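Please look through the sequence and the fold shown below before reading on. The report that follows goes through the sheets, the cores, one helix, the cysteines and a few single residues.

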Amino acid sequence: MAKRDYYEVLGVTKSASADEIKKAYRKLAIQFHPDKNPGNPEAEEKFKEAAEAYEVLSNPEKKQRYDQFGHQGVGGAGGFGGGGMNMDDIFSQFGDIFGGGGGFSSFFGGGGGGRRTKKGTNLRVKMKLTLAEIANGVEKKIKVKRHLIADGVTFKTCSACQGTGQMKKVVNTMLGQMVSASTCNVCGGSGQIVDKKPADADSRGLIVKEEVISINIPGGVAEGMQLSMSGKGNEIPGGIAGDLLIVIEEIEDKVLQRDGNNVIYDLYVSFVDAALGASIEVPTIEGKVKIKIEQGTQSGKMLRLKGKGIKDINGYTKGDQLIMVNVWTPTHLSREEKEALEGLRDSDNFKPDPGNSEKSFFDKMKEFF
């Protein structure tokens, strides 16, 4: 089933402020919170859907990518991030949306109970792609060094915090007892400490391991876009693994120039070919093709190769290849060539006569864009 628009999920417009987005999410989180809807899978799904929408729209960079590229721009397809947020992710990342340190569960009187789930750190890699790879998407394999829980590691409950991950301190004041909570400095908030570990593991039971990860890059990605693979970051004892963030870098093509989903190519033709017409081979993303230059083609004319551009990241359409025709004027002529051209100087056919049928440069740009 297709994902709903994030603005529609939260019931706000694209022009909504950060405060309005937060208020809308808070309202839905209260309405569909599991503590208020025990055993209701539909409410849980709406709770997750709202959290996913807020996770994107509350982040200025992700919001900008979503506004420009839709769900795929923030990892909504192809195995990347976005969908699939679990309850641990939500409580861990948005537990303080209501203010204070109690999180969701304390807001509802502790019905959910327990400590927040910690998340391992994210890993970030840069992915350089050619224009051809960007055009239709590509599968890449990369080597990533991750912190993983070593085989054979066993854990035991932290005696300092009794497995809660928090240290509570009671202070007597004029208004009565005040209870404050802080992350346990023994287990780091995981509620667990290492019991047994192999010799090559560190004090947390982690080892550094190199893995080969296969990444499916969707067609139509752009420079600076960041994709996310959930759970492919560093692991953490008693928590969930971080994410692998893939930052896209475009390798500049020496021949073709990208303009959105379109591709632009500057074609230089001789005066003879422009005057008499010709069949000329031009490069495209998918290889070379032949195009016809009509007799009397003027410099500045734009030709279009339909569907020879870049795939739209939000759909199945493709951009076009636009060919700008430039008539090449020779800069060095032999005596015979000069004499031949001098004989044609006064010919009526060689005098510029654009008339009303010739469109201006700006009219041509309006027509194509």
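In strand S15, Ile323 is the bridge partner of Leu303. This pair belongs to a predicted model, and in that model strand S14 is joined to strand S15 (residues 321–328) by four bridges, with the two strands running antiparallel. Both strands are part of an open sheet of four strands, in which the order is S10-S11-S15-S14 and the pairing is mixed. Strand S10 (257–259) and strand S14 (302–305) stand at the edges of this sheet, and each has a single partner strand, so one side of each is left without a neighbour in the sheet. On average, and with direction ignored, neighbouring strands of this sheet are turned by 35 degrees against each other.

A further open sheet has three strands in the order S1-S9-S8, again with mixed pairing. Its edges are held by S1 and strand S8 (226–229), and because each of these has a single partner strand, one side of each is left without a neighbour in the sheet. From one strand to the next, the twist averages 30 degrees. Strands pair through backbone hydrogen bonds, and the pairing may be either parallel or antiparallel. In this sheet S1 and strand S9 (residues 244–250) pair in the parallel sense over seven bridges, whereas S8 and S9 run antiparallel and are joined by four bridges. The table lists one bridge pair from each of the three strand pairings described so far.

| Residue | Bridge partner | Strand of the partner |
|---|---|---|
| Leu303 | Ile323 | S15 |
| Lys128 | Glu249 | S9 |
| Met229 | Leu244 | S9 |

Which side chains of S1 (residues 123–129) are buried, and which are not? Leu123, Val125, Met127 and Leu129 point to one face of the strand and are buried, while Arg124, Lys126 and Lys128 point to the other face and are not buried. Such a pattern is the general rule, since in a regular strand the side chains alternate between the two faces of the sheet. Lys128, one of the residues in S1 that are not buried, is also the residue whose bridge partner in S9 is Glu249.

The largest nonpolar core of the model has 38 residues, and those with the most contacts inside it are Ile215, Val221, Leu244, Ile246, Ile248 and Leu267. Leu244, named in this group, is also the bridge partner of Met229. When its neighbours within four places in sequence are left aside, Leu267 is in contact with Ile280, Val282, Ile291, Ile293, Ile323, Met324, Val325 and Asn326. Another core lies apart from the largest one and has 22 residues, among them Tyr6, Ile21, Leu28 and Phe47.

Helix H2 (residues 18–32) contains 15 residues, and at 1.5 Å a residue these should span 21 Å; the C-alpha atoms at its ends are 21 Å apart, so the two values agree. The buried residues of H2 include Ile21, Ala24, Tyr25, Leu28, Ala29, Ile30 and Phe32, and of these Ile21 and Leu28 are also among the members of the core of 22 residues.

The structure holds zero disulfides. The sulfur of Cys184 has its closest cysteine sulfur in Cys187, at 3.7 Å, which is too far for a bond. Cys187 is likewise in no disulfide, and the cysteine sulfur nearest to its own, that of Cys161, is 3.7 Å away. Cys184 counts as buried because its relative accessibility is 1%, and Cys187 counts as buried because its relative accessibility is 13%.

Three single residues complete the picture. Ala199 lies in the loop between strand S6 (192–196) and strand S7 (206–217), and with a relative accessibility of 81% it counts as exposed. Ala199 and Ala150 are 49 residues apart along the chain, and their C-alpha atoms are separated by 9.9 Å.

Gln162 is placed in the loop between strand S3 (154–157) and strand S4 (166–173). Although Gln162 is not a glycine, it has a positive phi of about 60 degrees, and at 60% relative accessibility it counts as exposed.

Is Lys288 buried or exposed? Lys288, found in strand S13 (residues 287–293), is exposed, with a relative accessible area of 61%. Its contacts, leaving aside neighbours within four places in sequence, are with Glu281, Val282 and Pro283. Val282 is also in contact with Leu267.

Technical notes. Residues are numbered from 1 along each chain as its sequence is written. This is a predicted model: local features need pLDDT of at least 70, side-chain atom pairs count only at pLDDT 80 or more; totals for chains, interfaces and linings use all residues. Side-chain values use heavy atoms; hydrogens and water are left out. Buried means under 20% relative accessible area, exposed over 50%, partly exposed in between (1.4 Å probe, protein chains only). Two strands pair if DSSP finds at least two bridges between them. A nonpolar core is a set of buried Ala, Val, Leu, Ile, Met, Phe, Trp, Tyr and Cys residues joined through side-chain atoms within 4.5 Å. Contact means heavy atoms within 4.5 Å. The expected span of a helix is 1.5 Å times one less than its number of residues. Axes are lines fitted to C-alpha atoms, for helices over the stretch in contact, and angles run from 0 to 180 degrees between N-to-C directions. A disulfide is a pair of cysteine sulfur atoms within 2.5 Å.
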